[in-house]
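Here is a short, friendly tour of one protein model, written for someone who likes geometry. Have the viewer open and follow along.

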Amino acid sequence: MAKKRPQTKAKRPQLDDAEVPVVGAREPCPCGSGRRYKACHGRTAAQATTALVQRPFEGLPGECDWVALRELVPAATVGLTLRDGLPEGVPSVTLATVLPMAWPALRRDDGSVLLGLQNDTASGDISRDLADTLARALTADPGTPVQGRRAPADGPRLQDLLSPEGAFEPEVHSGFEFWVPDPENATPDVTASLERANAAAIPTVRLQGVDAAYWCETPDKNHLRWVMPHEEERLLDALARLHAAGRSSLGEGTRLVGSFRAHGLTVPVWDLPSEISAQDIEKPAAEFAERLAEALATDAPLTHDERRARGGLTNRQVTLS
């Protein structure tokens, strides 16, 4: 008997990565590999949406203030300027640190939009998640909140939706009354949320003489938290030079105690005596900015004392995000 030839299946044409559609995780991958989608192009798609973007606000006007409002400031709002202008029926778009009930966004009865900044995000790119929430809020029914979700990997980012020329000027509030235009007619849930938020808010003031510096009041001492745009290693060298020379304080009783890392930027922190107000620290902060500019312009190797100071500052860094 003649041997039977083994049957061969027609080879399925392979698709380019950009042509592969999204299907169920357990379905065969449309690329023709023969593997399930979750083990093939689905894995690539998942990695694309979870990969961490180190500086999600880079390229936006006021990047340092974006970081401060995301991580440090309890109650603040900023009017946003859209690249393509406001859609019909949307009188304004406002960024808020926090919204009632931790909503990601809210379309008010008058059509205006509030976008929450301090919410958890589903992907590794805060900018893309916020842009997705904003885009959905612009078309939501008036009077409804917008829920969060993982943004599509190829969706727009804030840098695509917001005008690069738009000013970013935060207004810091003592409480969260900006949530409700008419507090007397707020729902019980919103009223309760407002009371809880106000009770937990730390008094905070944005300095006027320097960029992205925020004074805050705590029971034992006050602090200045200053988000800076400089590259981290260069900034730490400059701070170490000033610290070793005894020029890193903001006046008597103040002390540079360390720094935060947040969204790719460094945030030096000073302890201040409780009697020092935000107004009191304006002039010392402006003078420090001049000293820092000089130190940043220095390329000489660090001295022994400066290296020791740098090591101390590095050991007192805390990563927020």
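Helix 6 and helix 7 are roughly perpendicular to each other, because their packing angle of about 115° still falls within the range of 65 to 115 degrees that carries this label. The axes of the two helices, helix 6 (residues 232-244) and helix 7, are 9 Å apart, and helix 6 passes helix 7 in a right-handed crossing. On the helix 6 side, the contact is made by Arg234, Leu235, Ala238, Leu239, Arg241 and Leu242. Helix 7 contributes Phe288, Arg291, Leu292, Ala295 and Leu296. Sorted by class, this contact has eight nonpolar and three charged residues, with no polar ones. Please keep in mind that this is a predicted model.

**The chain as a whole**

The chain has eight helices and 12 strands. Of its 321 residues, 46% count as buried. Take the contacts between residues at least 6 apart in sequence: 60% of them join residues at least 24 apart.

**Aromatic rings**

How many aromatic pairs does the structure hold? There are seven aromatic pairs. One of them joins Trp226 and Trp270, and it counts as tilted because the ring planes stand at 45°, with the centres 5.9 Å apart. Trp226 sits in strand 9 (residues 222-226) and Trp270 in strand 11 (residues 265-272), so the pair links distant parts of the chain, 44 residues apart. Both Trp226 and Trp270 are buried.

Trp270 also pairs with Phe288, this time edge-to-face, with 5.1 Å from centre to centre and 80° between the planes. Since Trp270 lies in strand 11 and Phe288 in helix 7 (residues 278-296), this pair ties together parts that are 18 residues apart in sequence. Trp270 is buried, at 0% relative accessibility, and Phe288 is buried too, with a relative accessible area of 0%. Phe288 is also among the helix 7 residues in the contact with helix 6.

Elsewhere, ring pairs link Phe57, Trp66 and Phe168 into a cluster. Trp66 is one of the buried residues of helix 2. That helix (residues 63-71) is mostly covered, with eight of its nine residues buried. The buried set of helix 2 includes charged side chains such as Glu63, Asp65 and Arg70, along with Val67, Ala68 and Leu69.

**A residue in strand 10**

Is Ser259 buried or exposed? With a relative accessibility of 5%, Ser259 counts as buried, because the cut-off is under 20%. Ser259 is placed in strand 10 (residues 255-262). Beyond its neighbours within four places in sequence, Ser259 is in contact with Thr266, Val267, Pro268, Val269, Arg316, Gln317 and Val318. From Ser259 to Leu236 the C-alpha distance is 9.5 Å, and the two are 23 residues apart in sequence.

**Positive phi in two loops**

Most residues other than glycine have a negative phi. Which residues go the other way here? The table below lists Met101 and Ala212.

| Residue | Phi | Loop | Relative accessible area |
|---|---|---|---|
| Met101 | near 60° | between strand 2 (93-96) and strand 3 (105-107) | 37%, partly exposed |
| Ala212 | about 55° | between strand 7 (204-206) and strand 8 (213-217) | 1%, buried |

Met101 is partly exposed, whereas Ala212 is buried.

Terms used: Residues are numbered from 1 along each chain as its sequence is written. This is a predicted model: local features need pLDDT of at least 70, side-chain atom pairs count only at pLDDT 80 or more; totals for chains, interfaces and linings use all residues. Side-chain values use heavy atoms; hydrogens and water are left out. Rings of Phe, Tyr and Trp (its six-membered ring) pair if their centres lie within 6.5 Å; planes under 30 degrees apart count as stacked, over 60 as edge-to-face and the rest as tilted. Helices (H or I, at least four residues) and strands (E, at least two) are DSSP runs, numbered from the N terminus. Buried means under 20% relative accessible area, exposed over 50%, partly exposed in between (1.4 Å probe, protein chains only). Axes are lines fitted to C-alpha atoms, for helices over the stretch in contact, and angles run from 0 to 180 degrees between N-to-C directions. Angles under 35 degrees count as roughly parallel, over 145 as roughly antiparallel, 65 to 115 as roughly perpendicular and the rest as oblique. A crossing is left-handed if the near helix is turned anticlockwise from the far one by less than a right angle, and right-handed if clockwise. Contact means heavy atoms within 4.5 Å.
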